[in-house]
Amino acid sequence: MLPRSPAFIAAAALVAAGCGDGGPGGPNSPPYDPEIPAEFTVQVTNQYFPLVPGTRYEFEGQTDEGPETTVVEVLEQTRVVNGVEAVVVRDRVYLDGELIEDTHDWYAQDGDGNVWYLGEDSKEIEGGVVVGSAGSWEWGVDGALPGVIMWADPLAHLDQDYRQEYYEGVAEDWARVLGTDRDVEVPFGSFSGCLETEDWNGLEPGSEERKFYC
């Protein structure tokens with residue numbers, strides 16, 4: 001099933017592995033001390049990252065291990081994370097048709113329209129059996145902190161490094177806005193005025209990706 005909204009269309013479809021020795025931030029530099037807002041809502045209406053319950057997205061790509069499909073669903077349910085009600089998004093990854101990862105992500109939008117990532121429950125699966133939960137984290141548990149997954153005004157943060165998630169030694173993802181005037185063409189269609197970001201894992205050198213949101 002194809003997405004019902006053009007937003008996200010290119011987000012995973014045009015991810016390209018970068019080259020180099022990891023993002024400039026490093027694992028713990030600078031120290032993470034975000035200004036966390038007091039007000040949040042489950043009504044996530046950010047133009048680049050809308051989360052409408054019932055929406056479903058599918059992304060397909062080719063990896064060294066074989067064809068991979070990612071299915072993303074915005075669920076009707078919510079979850080309270082550190083006192084904040086969050087939207088639950090289910091993210092399943094299939095490798096050559098076999099489910100290998102099943103994750104529930106939690107998001108909320110602040111009063112300015114920025115979308116925050118509050119945590120995830122991630123399960124690694126082999127042969128239909130859960131074999132691990134690496135990468136799982138939750139704001140308020142063991143020092144984990146939320147991060148911004150999408151700015152309300154990305155151009156205001158052009159070329160700035162920012163954290164998307166933070167659980168020391170487990171989840172330390174960074175991003176940088178590169179522009180909002182990109183033209184993108186994918187099997188779903190052609191788009192203009194797209195947001196381009198560079199994302200990387202501060203714990204994995206050489207993990208850079210380019211993502212596009214339209």
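Biologist: Let's start with Lys 211. Why is Lys 211 called partly exposed?

Modeller: This is a predicted model, and in it Lys 211 has a relative accessibility of 21%. Buried means under 20% and exposed means over 50%, with partly exposed in between. At 21%, Lys 211 falls in between, so partly exposed is the right term.

Biologist: And what makes Glu 209 partly exposed?

Modeller: Glu 209 is at 29% relative accessibility, so the class is again partly exposed.

Biologist: How do you know that Lys 211 and Glu 209 form a salt bridge?

Modeller: The closest N and O atoms of Lys 211 and Glu 209 are 3.9 Å apart. The rule asks for a side-chain nitrogen of Lys or Arg within 4 Å of a carboxyl oxygen of Asp or Glu. The value of 3.9 Å is within 4 Å, so the pair counts as a salt bridge.

Biologist: What makes a network out of Arg 56, Glu 58, Glu 73 and Arg 92?

Modeller: Their salt bridges share partners, and that joins the four residues into one network. One of the salt bridges in the model is between Arg 56 and Glu 58, with the closest N and O atoms 2.9 Å apart. That distance is within 4 Å, so this pair meets the rule too. Arg 56 is partly exposed at 21%, and Glu 58 is partly exposed at 25%.

Biologist: How many salt bridges does the rule give?

Modeller: The count comes to 14. Among them is the pair of Asp 181 and Arg 182, where the closest N and O atoms are 2.5 Å apart.

Biologist: Why do Asp 181 and Arg 182 get the labels they have?

Modeller: Asp 181 has a relative accessibility of 54%, which is over 50%, so Asp 181 counts as exposed. Arg 182 has 24%, which lies between the two cut-offs, so Arg 182 counts as partly exposed.

Biologist: Let's move to the charged patch. Which residues gather in the patch of negative charge on the surface?

Modeller: They are Asp 96, Glu 98, Glu 101, Glu 124 and Glu 126. Strands β6 (98–110) and β7 (115–126) each supply at least two residues of the patch.

Biologist: How do you know that Glu 124 is open enough for a patch?

Modeller: Glu 124 lies in strand β7. Its relative accessible area is 32%, and a patch takes residues with over 30% and no salt bridge. Glu 124 is over that cut-off, so the area condition is met, although the residue is still partly exposed.

Biologist: Now the inside. What makes Phe 49, Leu 51, Tyr 107, Leu 118 and Met 150 stand out in the largest nonpolar core?

Modeller: Of the 37 residues in that core, these five touch the most other members. The strands that each supply at least two core residues include β3 (56–63), β4 (66–81), β10 (145–150) and β13 (173–186). The largest share, five residues, comes from β5. In soluble globular proteins, nonpolar side chains tend to be buried together.

Biologist: Is Trp 106 buried or exposed, and how do you know?

Modeller: Trp 106 has a relative accessibility of 5%, which is under 20%, so Trp 106 counts as buried. Trp 106 sits in strand β6. Its C-alpha is 8.9 Å from that of Val 80, with the two positions 26 residues apart in sequence numbering.

Biologist: What makes the phi of Asn 82 worth a look?

Modeller: Asn 82 is not a glycine, yet its phi is positive, about 50°. Most residues other than glycine have a negative phi. Asn 82 is in the loop between β4 and β5, and at 44% it is partly exposed.

Biologist: What is the sign of phi at Asp 159?

Modeller: Positive: phi of Asp 159 is near 65°, and this residue is other than glycine. Asp 159 is found in the loop between β10 and β11 (161–163).

Biologist: Why does Asp 159 get its accessibility class?

Modeller: Asp 159 has 51% relative accessibility, and over 50% means exposed, so Asp 159 counts as exposed.

Key. Residues are numbered from 1 along each chain as its sequence is written. This is a predicted model: local features need pLDDT of at least 70, side-chain atom pairs count only at pLDDT 80 or more; totals for chains, interfaces and linings use all residues. Side-chain values use heavy atoms; hydrogens and water are left out. Patches are made of residues with over 30% relative accessible area and no salt bridge: like charges are joined within 9 Å, nonpolar side chains (Val, Leu, Ile, Met, Phe, Trp, Tyr) within 5 Å. Accessible areas come from the Shrake-Rupley method with a 1.4 Å probe; for residues, only the protein chains shown count as cover. Lys and Arg count as positive and Asp and Glu as negative; His and the chain ends are not counted. The place of a charge is taken as NZ of Lys, CZ of Arg, CG of Asp or CD of Glu. Helices (H or I, at least four residues) and strands (E, at least two) are DSSP runs, numbered from the N terminus. Buried means under 20% relative accessible area, exposed over 50%, partly exposed in between (1.4 Å probe, protein chains only). A nonpolar core is a set of buried Ala, Val, Leu, Ile, Met, Phe, Trp, Tyr and Cys residues joined through side-chain atoms within 4.5 Å.
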